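Okay, everyone, I've got one model to walk through today. Let me put it up on the screen, and then we'll go strand by strand.

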Amino acid sequence: MKKSKLLVNTLVLFLVAVVAVFALAMVNQVTRDPIAQAEINARNESYKTVFADAADFKELENEAQLIESSQAVIEENGITGCVINNAMAAVDESGNTIGYVISSSSMQGYGGEVQIAVGIKDGKLTGLSVVKNSETPGFGARCTEEEFQSQFAGKDAGILSFIKEGEADSTQFDAISGATITSTAVQDAVNAANAFYNNCLAEKGE
């Protein structure tokens, strides 16, 4: 092949690559904001589920620092394999903080991560939603069922434990039958969120 033809082919390939990269960059730019907004909307929708009285949710100014400082406290409470993902203030129509919504994850579910969101007001849970899980259908995946999730409203925002029989009190919840690992993952994720609340937010008197 002549050098001139090789040079032309190389130049053509280079230009095609440049155009392709530019096109991908443009597509990413166009879709990035809508995707991010869709994620925010989905998150806020799940937050509304666990804190129905909130008119809106407001970011905490020092959220990152609070999350970082709370990790040691979570582990001191014997809660391992858990992280806080996000925390927001629940506000009323006037913008006043009436409570908080906290998202946390246990990495020790049967299928991996179990991510939950809880609402907390005046030291009590206002609700719980399992946001993400890879648990076994018919067993651990039942953590997403309303019957399981609804029992958390009104529970103490302290250390909760699950029971397999009997009547649960304000510090207990009913386990998922046949899914002890999933029940433990939910328990730990809720307790991590509660520990974060008590260490970082409860002193504000909300």
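So, Cys82 has its bridge partner in β3, and that partner is Ser106. Quick housekeeping: this is a predicted model, so local features need pLDDT of at least 70 and side-chain atom pairs count only at pLDDT 80 or more, while totals for chains, interfaces and linings use all residues. Numbering runs from 1 along each chain as its sequence is written, and side-chain values use heavy atoms, with hydrogens and water left out.

Elements here are DSSP runs numbered from the N terminus: helices are H or I with at least four residues, strands are E with at least two. Strands pair if DSSP finds at least two bridges between them. Strand β2, residues 82-91, runs antiparallel to β3 over nine bridges. The two make a hairpin with five residues between them, and Gly95 in that turn has a positive phi of about 85°.

What stands opposite Ser106 in β4? That's Val114. β3 and β4 are antiparallel too, over eight bridges, and their hairpin connection takes two residues.

How enclosed is β3? For burial, I'm using relative accessible area with a 1.4 Å probe, protein chains only: buried is under 20%, exposed over 50%, partly exposed in between. β3 spans residues 97-109, and 10 of its 13 residues are buried, so the rest of the structure largely encloses this strand.

Now the core, meaning a set of buried Ala, Val, Leu, Ile, Met, Phe, Trp, Tyr and Cys residues joined through side-chain atoms within 4.5 Å. The largest one has 39 residues, and Ile102, Val118, Phe152, Val190, Phe196 and Leu201 touch the most other members. Helix α4 gives the most to this core, with 11 residues. A second, separate core has 10 residues, including Met88 and Ile98.

Staying with α4, 17 of its 22 residues are buried. The expected span is 1.5 Å times one less than the number of residues. For α4, residues 180-201, that gives 32 Å, and the end C-alpha atoms are 30 Å apart, which agrees.

Last stop, the loop between β4 and β5, where Asp122 lies. Its phi is near 50°, positive in a residue other than glycine. Most residues other than glycine have a negative phi. Is Asp122 buried or exposed? Exposed, with a relative accessible area of 56%.
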